[in-house]
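Reader: Hey, got a minute to go through the cross-links in this one with me? I'd like to start with the cysteines and then move on to the charged pairs.

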Amino acid sequence: MSFGPPPSPYTQSALAADRTRRRRRIRVLGGLAVVVAAAVGVGGWILSSAGDDRPAAAPRPSAAPQSPDDIRELTEKTPATPEGKLLVEYREGDLAKTVKGDPRYAPGTWATEKVLAKGMGNRIEGLTTAATGDEKAWTLKLDGPLCATSKHITADGRTAVVVQPVRSDSSEKSGVCDQVVFFDVNTGKKLWQVTMPSADRAFVTNTNLTMTKGVVAVAWGQGSVAYDMKNGKQLWNSTTVSACEDSGFAGGRALLVLEKCGRESSEPTYRVEKLEPRTGKPLWTYKVAGGVEDVFLPSSDPAVLAVAAGDTSVTDLITLDGTGRRLATVSMTGYEPKCGERDFGAGYFGKVEYCDGVVVGRDHLYVVSKETTELRQAANWIVAFDVRTGKAGRKLDARPSQPMAPLQMSGDDLLVFRRSYSTIEPSSVIRWNPATGKETPFLYFGLPDEDGGLADIERSDILVGQGRVYFAQRELTADEKHPKYPVTAVVGIGSAGAPD
């Protein structure tokens, strides 16, 4: 894959150390339901829940049905039984054909009721979720490697990627990422493909892609463009040289743009604007204080900024109201928001929206703490902070040696991944309600018996959809001892009580 300038920040020594750490084959345990059944029989801990006598918050009115162009928001139904069974196991082969030691990048994971789609180098694989095995539903071949993906998917199952077309090394556009592809996840059908205007400086290192209702938006630091989902028609673009340039977008319920001002300055400043998606017109502007090294946008509505003030790591979360005025600042001392820290590609494939240690709901921010090393203490914990006041609310403690990670919202509940290294107690996804403190089982399952990164939230996409849990690696490297063996790329787990 030709990344184009600027050059990768990796040094050869850093790459070697990183790859050595990762080169252990992943072997998925069979009999997932058996592991869980054994755990259920030991002390009955598996169905325990935490709570107290405080009254529950008043229920929200039922959400209106989503239109096809809305960005999908699911309220997950509790599976028929929490015992998990293997539904999908996809192994990627031919890794020995890559440059020795280099990974095959695999950005992008999307799930519908019928299909799990996974970006894989210069193609997207659609995997059937209805039966055990690696049965492919479809393969969408692309004109070149993936450059950027969106974590969003529409209510009817469509999403977008940016592709770097294959060109000769002598071409002036070698390494340029200027093709936007919009496709149907259920069928693998390419709905449209367009060329981004004036995108000669769009590379895998700086291209960011997002979606909001009816609109696909792309930014690459020196320009941005938005398209109509229905037909790929350009709605607006910003490619003029100015003091402030579009670094990236946050989509979902709304559209925010992160602008970096003073590109030539040694101390650039940042501002965030909410845009009218179909026109690109700013609705409000929030100026970030000086001295901030980096900014991320983990949520567009409510608007949340993650800022690295005087440091390269995120120091604070800032929440804004509907007019762009600051509501609260939450210190990240002792917490791990994990913004821009994905352990692959040195920040390639877009990073503005990605804070793997933060999940934002309508009323709360959920942030994971740093892990402890004490054997008898909770491995870490998750705290719910009030969006309006920034005050800490309830805390969900992990078990000793079983660290947790917040995954996504399910209505007013938070879905949490609990990683177990025990051969007796399985890993799990649980549902946690911050109003009552109630913890409800969702799925229990076995995991790979060797740490190859599949269950590491900084190295894999972990998502829940339609009552299933998916683990999908973002990069794949050939096994040192058996370079011709396929490597596990995706594992999907569903309820043992659900029909195939």
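Reader: So, numbering the bonded cysteines in sequence order, what's the pairing?
Author: It goes 1-2, 3-4, 5-6 along the chain. Bear in mind that this is a predicted model.

Reader: Fine. How many disulfides does a search of the whole structure find?
Author: The search comes up with 3 disulfides. They are Cys147 with Cys177, Cys244 with Cys261, and Cys339 with Cys355.

Reader: Take Cys147 and Cys177. How far apart are the sulfur atoms?
Author: The sulfur atoms of Cys147 and Cys177 are 2.0 Å apart. This pair links distant parts of the chain, 30 residues apart: Cys147 is in strand β7 (residues 146-149), and Cys177 is in the loop between β8 and β9 (179-184).

Reader: Left-handed or right-handed, that link of Cys147 and Cys177?
Author: Left-handed, with -60 degrees about the S-S bond.

Reader: And are Cys147 and Cys177 buried or exposed?
Author: Cys147 and Cys177 are both buried.

Reader: OK, what does the Cys244 to Cys261 disulfide look like?
Author: Its S to S distance is 2.0 Å. The link of Cys244 and Cys261 is right-handed, at 105 degrees about the S-S bond. Cys244 sits in strand β15 (residues 244-250) and Cys261 in strand β16 (residues 256-261), so the disulfide ties together parts that lie 17 residues apart in sequence. Both of these cysteines are buried.

Reader: Where do Cys339 and Cys355 sit?
Author: Each is in the loop between β22 (326-331) and β23 (358-360), with 16 residues from one to the other. Their disulfide has an S to S distance of 2.0 Å, and with 110 degrees about the S-S bond it is right-handed.

Reader: Why does Cys339 count as buried?
Author: Because its relative accessibility is 6%, and buried means under 20%. Cys355 is buried too, with a relative accessible area of 6%.

Reader: Switching to charges. How many salt bridges does the whole structure have?
Author: The search finds 26 salt bridges. One of them joins the side chains of Asp69 and Arg158, at 2.5 Å from N to O.

Reader: Which parts does the Asp69 and Arg158 pair tie together?
Author: Asp69 is in the loop between α2 (32-40) and β1 (84-92), while Arg158 is in strand β8 (residues 158-163), so the salt bridge ties together parts that are 89 residues apart in sequence. Both Asp69 and Arg158 are buried.

Reader: What about Glu92 and Arg123?
Author: Their side chains meet in a salt bridge too, at 2.6 Å from N to O. Here Glu92 is in strand β1 and Arg123 in strand β5 (residues 123-128), so parts 31 residues apart in sequence are tied together. Glu92 and Arg123 are also buried.

Reader: Now Asp397. What does it form a salt bridge with?
Author: Asp397 pairs with Lys395, and their closest N and O atoms are 3.5 Å apart.

Reader: How accessible is Asp397?
Author: Asp397 is partly exposed, at 37% relative accessible area. Lys395 counts as partly exposed as well, with 46% relative accessibility.

Reader: Last thing: which residues do salt bridges with shared partners join into one network?
Author: That network is made up of Glu92, Arg104, Arg123, Glu125 and Lys136. So the Glu92 and Arg123 we just talked about, tying β1 to β5, belong to it.

Terms used:
Residues numbered from 1 in each chain as written. Predicted model: local features only at pLDDT ≥ 70, side-chain atom pairs only at ≥ 80, totals over all residues. Heavy atoms only, no water. Salt bridge = Lys/Arg side-chain N within 4 Å of Asp/Glu carboxyl O. Helix = DSSP H or I, 4+ residues; strand = E, 2+ residues; numbered from the N terminus. Buried < 20%, exposed > 50% of the residue type's maximum accessible area, 1.4 Å probe, protein only. Disulfide = S-S within 2.5 Å.
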